[in-house]
Each structure stands twice: as structure tokens, then as C-alpha cells.
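Work through the exercises below with the model open. Try each task before reading its solution.

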Amino acid sequence: MIKEIVLETFLQESTPIYLGSKIWESVLPEKMNELKTDKYFLITDFNIMNIYGQTLYDFLSKNYPVELIVLPAGEVNKNNMTCNYLIEELFERNITKSSVLIAFGGGVIGNIVGLAAALIFRGIRFFHIPITFMSQTDSILSRKQAINSMSGKNMIGSYYTPLFNFVDTSFLLSEPERLVRGALVETIKNGLIFNRNFFYEMKERINKGLVFNEENLFDLVKISILSKLPIIKNDPSEKALGMILEYGHTTGHAIEKLLKGKYSHGECVSIGMIIAARISNKLGLLSHDEVEEHLDILQALGTPTKVPDVLNSETIMRRMELDNKKDIHGIRFVLLNEIGSCIEGPEQSYMVEVNPEIQKEAINDSF
Ligand SMILES: NC(=O)c1ccc[n+]([C@@H]2O[C@H](COP(=O)([O-])OP(=O)(O)OC[C@H]3O[C@@H](n4cnc5c(N)ncnc54)[C@H](O)[C@@H]3O)[C@@H](O)[C@H]2O)c1
């Protein structure tokens, strides 16, 4: 067991993260005892149900009024059908304004439950128990709650904040290593966009070889969270400086949507960051060596750095037309002027318009 430590997210006045390893049986009840509620709804997906869901439900139902709702798993189900099913199911089971939702799962469950919590009675309480590396280190550190539409990723959503985040890193011991490596792309991104020293520390760690045992997973989750916190502290709504977190996501989201789940979110961002780095280089902002630094660290991590051959630049660019970052200025990118620093776009937005020819060249250079 690794003792609980408390980190403040700054998402709202107080939205703490309770972080530890193998602490769920001892610490979770302490936190739940502080809440006054008529009922908890434990919401998870069918995959997690088979690993931890039943155990957690049995444990909680001994001490609390808890109902279980199991949703279909995966990105393809992060949509309005699943969210609507959840909302109607909660009404069917007599949810009240005093009830509390528990999002037990990865980023998909977290986003669906977060959005449902925002919508029911114009907002009810919820908290996260994230159990993937991506959700423990990235998606919970955001007020953004969104589902996908037929047109694109995260197109329907709201800003809404959980009561707290309960992060037990021992849940990650069962997560496939490929997904952990994919999620670490977002940690590397935090270095690339905001903290040069952290980027080189991560590079050193990865080059030495990553071992995903209990102690290292705890450590990696802790440093990943700490690498994102200063950015969301500065801009919890991710509308100004927080936009830099979208580095690699403009093409990353398009590739993720086109590949229909073949690559994880983090793996698509890995490719997206290479394209964004190449655009930065073509615009004279980032040196060739710094583009190579991107390739070196992501190749050492083992995430994809090339666009899969089944895609082409035309389809990717067409898909980017539906990006949720598109506005009156068109499709926009977060770009670097050096490792650890992004360039500021118009109106302090950190989003930059890029000539379509340059976008196309950077994509074509990435096959
Ligand atoms: N700001 C934000 O809200 C934000 C930030 C980053 C990512 N996201 C979203 O998060 C989602 C990706 O999240 P994810 O990577 O957690 O994927 P996920 O939620 O789909 O979970 C991955 C899969 O692994 C299974 N799984 C989960 N935990 C497991 C465990 N401990 N052991 C074994 N299997 C486990 C799940 O059932 C699921 O099928 C995307 O939809 C992305 O858009 C949101």
C-alpha cells in the first residue's frame, strides 16, 4: 500500500485528488462518509464489471445504499444513446437531487457520467474513481465533460466539476501496457507545451526503460498529474492558456475518428504531435532537431509516429473540418516555438491558423 496523499486540482474552489495505491478499501469509505446522500449510483462498463466492478459494488453495498448501472464499453459508445440510456435509467430508479453518481472506469465512463451529472436536475453531485492511466492523469484533470456526435469527437458537452477524484493506482496493474504507454503521450505533451525540464526528465526515464509495477505506476501517475496541474490552475476552463493542452489533438482527433478505435486516444495524439511539430518547423518556429526530439521520445515510448497507410491527407483534412476547435478563424493548431513553449495566437488563444498547403505537407511527411 502507498499512503494517500492529497493534491488540489484548482478546478473549482476545492476539488481534491485523493491519490494512493491499494487505498480504496481504507480511504474511500472515509471520503464517502463525509457526503450526505440518499443513494449512490455506481456506474461502470461491462469490461470493468468483470475485473473490479462486482468487487467494488459488493464492498460498497455492505455500508451504503448503492445501485449499479453497467454501460457498454469503449469510445464507440461515448455517444448520446449511452448518455440518454444512463439518464433515463437514473430517473427510472428514482434518482433525487441528493443522490451522488460514481464514475468508475476510464475516460469514456468519466465523460459520460460527468455530462449526465451536469444535465440531470441541471446538475447533481458526482465523483470519479478513474482506473485507466489516461483517466487518472488527464481526463479527470478537466472540467470538460463531453460525448461524441456522428460528426466528431467531443462535440456535445458541458463544463462540470466533480466533488473529488479518488485515484488508486493499483487499479492500473490490470490495464494493458499498450494503453498505459498511449496515455503517457499526454504526459510527454505537458512537457512539450509547458515545461522543458520535465520533457527531458521524461526522456531520460523512458530511455532507461519503463517498468509498470505498483511503485512505478504510482510515481508515473503522480508526476503526470503534477505536470498538468499548473496549466489548469492557470485556466480551469481551458479557454486561454489551457488551450495548449490541445497540442497534437487537431489531427489526432481526426485520425482517432477515422480509425474507429484501432488506435487509442493517446496513440492518435502521438501522431498528431508529430504533425503539429512538423507544421511548427515549416513555419520557421521549431528547429529540425526539436522535431527529431519528438520522434525520439515517442519511438522510445513505443507509440505510433506515422499516419497509418489506410488513411490519406485528403480524408484527414476533410475530417478536421469537423473539429470542435474550428471557429470563425478556421481549423486551428497549437504550435511550439521551442520545446516547453507554445506560440500565442490571436486574442491570447494559443490557437493558430495554418495555411492548408502546409497542413497537407506536414501530414504527407508523416506517412
Ligand atoms: N478533458 C477530458 O475530458 C479528456 C481528456 C483526455 C481524454 N479524454 C477522453 O477519455 C477517453 C479515453 O479514456 P481511456 O483511455 O481511459 O479509455 P476507456 O475509457 O475507453 O477505457 C479503456 C478500455 O479499457 C478497459 N479498462 C479500463 N480500465 C481498465 C483496467 N484498469 N484494467 C483493464 N481494463 C481496463 C475499459 O473497459 C475500456 O474498454 C476518450 O474518450 C477521450 O476523449 C477526455
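**Exercise 1. A helix pair**

At what angle do helix 6 and helix 7 pack, and how far apart are their axes?

*Solution.* This is a predicted model. Start with the geometry. Helix 6 and helix 7 pack at an angle of about 145°. Their axes are 6 Å apart. Next, list the residues that touch. Helix 6 brings Leu184, Thr187, Ile188, Gly191, Leu192 and Phe194. Helix 7 answers with Arg196, Phe198, Phe199, Met202 and Ile206. Last, sort them by class. The contact has eight nonpolar, two polar and one charged residues.

**Exercise 2. One leucine**

Is leucine 184 buried or exposed? Find its partners too.

*Solution.* First, place the residue. Leucine 184 sits in helix 6. Second, check its surface. Its relative accessible area is 0%. Buried means under 20%, so leucine 184 is buried. Third, look for partners, leaving out residues up to four places away in sequence. Leucine 184 then touches Phe133, Met202, Leu210, Phe212, Leu220, Ser224 and Leu301. Fourth, compare chain and space. Aspartate 138 is 46 residues from leucine 184 along the chain. Their C-alpha atoms are separated by 9.5 Å.

**Exercise 3. The core**

How many residues does the largest nonpolar core have, and which have the most contacts inside it?

*Solution.* Begin with the count. The largest nonpolar core has 53 residues. Phe133, Leu184 and Tyr247 have the most contacts inside it. Now trace where the residues come from. Elements giving two or more residues include strand 2 (16-21), helix 5 (133-139), helix 6 (177-194) and helix 10 (265-282). Helix 8 gives the most, with nine residues. Then step up to domains. At least three residues of this core come from each of domain 1 (2-174) and domain 2 (197-364). Finally, look beyond it. Another core, of 28 residues, lies apart from this one. Val66, Leu68, Val100 and Phe171 are among its members. A general rule fits here: in soluble globular proteins, nonpolar side chains tend to be buried together.

**Exercise 4. Two domains**

How many residues of domain 1 are in contact with domain 2?

*Solution.* Take the bounds first. The domain assignment gives domain 1 as 2-174 and domain 2 as 197-364. Then take the distance. Over C-alpha atoms, the domain centres are 27 Å apart. Now the contact itself: 35 residues of domain 1 meet 29 residues of domain 2.

**Exercise 5. A second helix pair**

Why does helix 9 count as roughly perpendicular to helix 12?

*Solution.* Read off the angle. Helix 9 (residues 249-259) and helix 12 (residues 313-320) pack at about 105°, with axes 9 Å apart. Apply the cut-off. Angles of 65 to 115 degrees count as roughly perpendicular, so helix 9 is roughly perpendicular to helix 12. Name the contact residues. Thr250, Thr251, Ala254, Ile255, Lys257 and Leu258 come from helix 9. Thr315, Ile316, Arg319 and Met320 come from helix 12. Together they make five nonpolar, three polar and two charged residues.

**Exercise 6. Positive phi**

Where is phenylalanine 121 found? Set it beside tyrosine 350.

*Solution.* Phenylalanine 121 is in the loop between helix 4 (107-119) and strand 6 (125-130). Its phi is near 50°, a positive value. Phenylalanine 121 is partly exposed, at 33% relative accessible area. Turn to tyrosine 350, in the loop between strand 12 (341-342) and strand 13 (352-353). Its phi is near 65°, also positive. Tyrosine 350 counts as buried, at 15% relative accessibility. For context, most residues other than glycine have a negative phi.

Methods
Residues are numbered from 1 along each chain as its sequence is written. This is a predicted model: local features need pLDDT of at least 70, side-chain atom pairs count only at pLDDT 80 or more; totals for chains, interfaces and linings use all residues. Side-chain values use heavy atoms; hydrogens and water are left out. A nonpolar core is a set of buried Ala, Val, Leu, Ile, Met, Phe, Trp, Tyr and Cys residues joined through side-chain atoms within 4.5 Å. Buried means under 20% relative accessible area, exposed over 50%, partly exposed in between (1.4 Å probe, protein chains only). Helices (H or I, at least four residues) and strands (E, at least two) are DSSP runs, numbered from the N terminus. Domain bounds come from an automatic or database domain assignment. Axes are lines fitted to C-alpha atoms, for helices over the stretch in contact, and angles run from 0 to 180 degrees between N-to-C directions. Angles under 35 degrees count as roughly parallel, over 145 as roughly antiparallel, 65 to 115 as roughly perpendicular and the rest as oblique. Contact means heavy atoms within 4.5 Å. Ala, Val, Leu, Ile, Met, Phe, Trp, Tyr, Cys and Pro count as nonpolar, Asp, Glu, Lys and Arg as charged, and the others, Gly among them, as polar.
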